[in-house]
Amino acid sequence: MGKLPRQGIDWHEVLHRLMSIMRRLPNHLEHGIVGSMTTFPHPLAQFVYSMYQLFNANDVALYSEVRNLELEAVEMLGEILGCENCVGMITTGGSEANLAALYLAREHGYTKVYIARTAHDSLFKAIRLLKLEAIEVKYDSYFRIDPDDFEKKCVENGAGILVASLGTTGTGSVDRVAELSNIAKKCSVVIHVDAALGGFVIPFIDAKLGEVFKFQNVVSATMDPHKLGLVPIPAGGLVVRDEQWFSPLYFESRYMPARYQIGILGTRSAGSIAATWAMLMYMGWDGYRRQALSLFELTRFLVEKVKSSGFDVVGEALAPVVCIPTERESKALEYLWSKGLYVYRCGIVQGIRVVIMPHVRREHLEAVVRELRNFVNTEAL
Ligand SMILES: Cc1ncc(COP(=O)(O)O)c(C=O)c1O
C-alpha cells in the first residue's frame, strides 16, 4: 500500500490497475449522479484541454498569447454578467476565485465581510484564511439575503464587502443584487457576487437578476466554467470590474522572465483557459441560453413532482438546485445511494439536494421522487 516500487512497473500494468479502479467509480453518463455540481464536460472542451494542458499559463513571457486567450475568456464571462471590459483570471474553481476575490477586497482596505449562512463554504474558508471579520446577515424564508437586516448591519458597521450569491449551493436561491446594491451604496459597501453555478443560468433567464455588473458597486464575481460551462475540472472564473481592482493579484516572481505571475498559484495549466475559451466560442450566447432554459424547465418539473408527491421544497430553486427537507437526511441519503441515486445534502437545512446538471435526465428525477416515496414507506413500516 502506497509503497514506491524499487523498480518501476510495466506501464500496461499501471494502466490496468487504474482502469479497474476507474470502472468502479460512478460516472455521469451511466450512473445517477444527481446531487453534484460536476458534469460530463463537452468533448470539444476535453480535447482542447488536453491540447493545451502542458503549457504554463503563468509563464507570461513565454505564453503571452495564453494570457490573451484568458483575458478574452474572462471578458466573455463578464459579458454574460452584464460587464463591459471586465478583467480577471481562470482559476482552479469557485473556491480559489472566492478566495482571490476576498483577498482583493482586503488589499483595497475592506476587511469586514457581510455574509449570510447561505453563502458557499469556500467564502467562510477564505474569511478564515485571510483573517477577515465576518458580519452575519440574516436570510429570508426564500433563503435570500434579508435586505432589511443587511441595511441594519451595514449602518452599524460601515464599509466592507457584501457576498451575494447567484444560485446558492444549498437551495438554488438568488440574492437580489439590485436591492442590495442600493443599500450597500449608503454604507460604502462593495459587493462580490458568487455566481459559480448560477452565472451560466440566471442571466439567460432573467437579465435583471443576472446582469449584476450593471450595479456599480459590484466589484467582482465568481463564475465557474467547470460547472455549467461544460469545461473539464479544474476551471473556475474570477471576473473583476477593472484592472485597478485586479492589480493586487499580480505577484512578484523573481526568477520568471516576466518577473511576475498572476493569482495565488504558481504554475497554472493553460488547458483550463483554452477549454473555457473554446466552450464560450462554441456555445455562444444562444447555446448557453438553450441549456439554461432546458435546465430551468427540468428544475420546474422536479419541483412540481416533489410537491405533488407530498414532499416539500425549500428556497427558490431558481438556479437548478432543489432542496427537499427531511429530518432523516442521512438515512434518506443512504437509501437513495443504495438505489444508485447519488443525491447530496442541502447543507443549509436538513434535507437532500438534487442538482440538475446537463447530464441529468427526466428519468433520474422521476426515480429520485419514486425512491423517496419508497423510503418514506419503508421507514413507516
Ligand atoms: C455557489 C458556489 N460557490 C463556490 C463553490 C466552490 O466551487 P469549487 O468546488 O469549484 O471550488 C461552489 C461549489 O459547489 C458553489 O456552489
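**Exercise 1. The ligand shell**

Which of the 14 residues around the ligand come nearest?

*Solution.* Keep in mind from the start that this is a predicted model. Begin with the closest part of the shell: Gly93, Gly94, Ser95, His120 and Ala196 come nearest of the 14 residues around the ligand. Next, look for the element that contributes the most: helix H4 (residues 94–107) does, giving three residues to the shell. Finally, sort the shell by character: three of its residues are nonpolar, nine are polar and two are charged.

**Exercise 2. The seven-stranded sheet**

Work out the strand order of the open sheet of seven strands, and say which strands stand at its edges.

*Solution.* Step one is the order, which reads E2-E8-E7-E6-E5-E3-E4, with mixed pairing. Step two is the edges: strand E2 (87–91) and E4 each have a single partner strand, so one side of each is left without a neighbour in the sheet. The twist averages 20° from one strand to the next.

Step three takes the two ends of the sheet in turn. At one end, E2 pairs with strand E8 (residues 236–240) in the antiparallel sense over five bridges, and Met89 stands opposite Leu238 in E8. Helix H4 packs on this sheet, touching E2, E3, E5, E6, strand E7 (218–222) and E8, and its direction makes about 25° with that of E8. Helix H7 packs on the sheet too, touching E5, E6 and E7, with a direction about 160° from that of E6.

At the other end, E3 and E4 run parallel and are joined by four bridges. One residue pair to find here is Tyr114 with its bridge partner in E4, Ile135.

**Exercise 3. Lys112 in its strand**

Is Lys112 buried or exposed? Place the residue in its strand and list its contacts.

*Solution.* First, locate Lys112: the residue lies in strand E3 (residues 112–115). Then count neighbours: Lys112 has 20 C-beta neighbours inside 10 Å, so Lys112 counts as buried. Now compare the two faces of the strand. Lys112 and Tyr114 point one way from E3, Val113 and Ile115 point the other way, and all are buried.

For the contacts, leave out residues up to four places away in sequence; Lys112 then touches Glu133, Ile135, Asn157, Ala159 and Gly160.

**Exercise 4. The two faces of helix H6**

Which residues of helix H6 (residues 147–157) are buried, and what covers them?

*Solution.* Start with the buried set, made up of Phe150, Lys153 and Cys154. These residues cover an arc of only 95° around the axis, which puts them on the same side of H6. Turn to the face away from that buried side, and you meet the exposed residues Asp148, Val155 and Glu156. The cover over the buried residues includes E3, strand E4 (133–136), strand E5 (160–165), helix H7 (177–186) and strand E6 (189–194). Just past the helix comes Gly158, with a positive phi near 80°.

**Exercise 5. The three-stranded sheet**

Give the order of the three strands in the other open sheet and find the helices packed against it.

*Solution.* The order is E11-E14-E13, and the pairing is antiparallel. Strand E11 (321–325) and strand E13 (344–345) stand at the edges; each has a single partner strand, so one side of each is left without a neighbour in the sheet. E13 pairs with strand E14 (residues 351–355) over two bridges, and Tyr344 has Arg353 as its bridge partner in E14. Helix H12 (residues 329–338) packs on the sheet, touching E13 and E14, and its direction makes about 45° with that of E14. Helix H11 (residues 270–308) lies across E11 and E14, running at about 15° to E11.

**Exercise 6. Backbone details in the loops**

Where do Leu230, Pro234 and Ala317 lie, and what marks the backbone at each?

*Solution.* Take the loop between E7 and E8, which holds Leu230 and Pro234. Leu230 is not a glycine, yet its phi is positive, about 70°; with 28 other C-beta atoms within 10 Å, Leu230 is buried. A cis peptide bond joins Ile233 and Pro234, with omega about 5°.

Now move to the loop between H11 and E11, where Ala317 lies. Phi of Ala317 is positive as well, near 50°, and Ala317 counts as buried with 25 C-beta neighbours inside 10 Å.

Key: Residues numbered from 1 in each chain as written. Predicted model: local features only at pLDDT ≥ 70, side-chain atom pairs only at ≥ 80, totals over all residues. Near = placed C-beta within 6 Å. Nonpolar A, V, L, I, M, F, W, Y, C, P; charged D, E, K, R; others polar. Buried ≥ 20, exposed ≤ 12 C-beta atoms within 10 Å, placed from the backbone. Contact = placed C-beta atoms within 7 Å. Pairing = 2+ DSSP bridges. Axes fitted to C-alpha atoms, helices over the stretch in contact; angles between N-to-C directions. Arc of directions from axis to C-beta.
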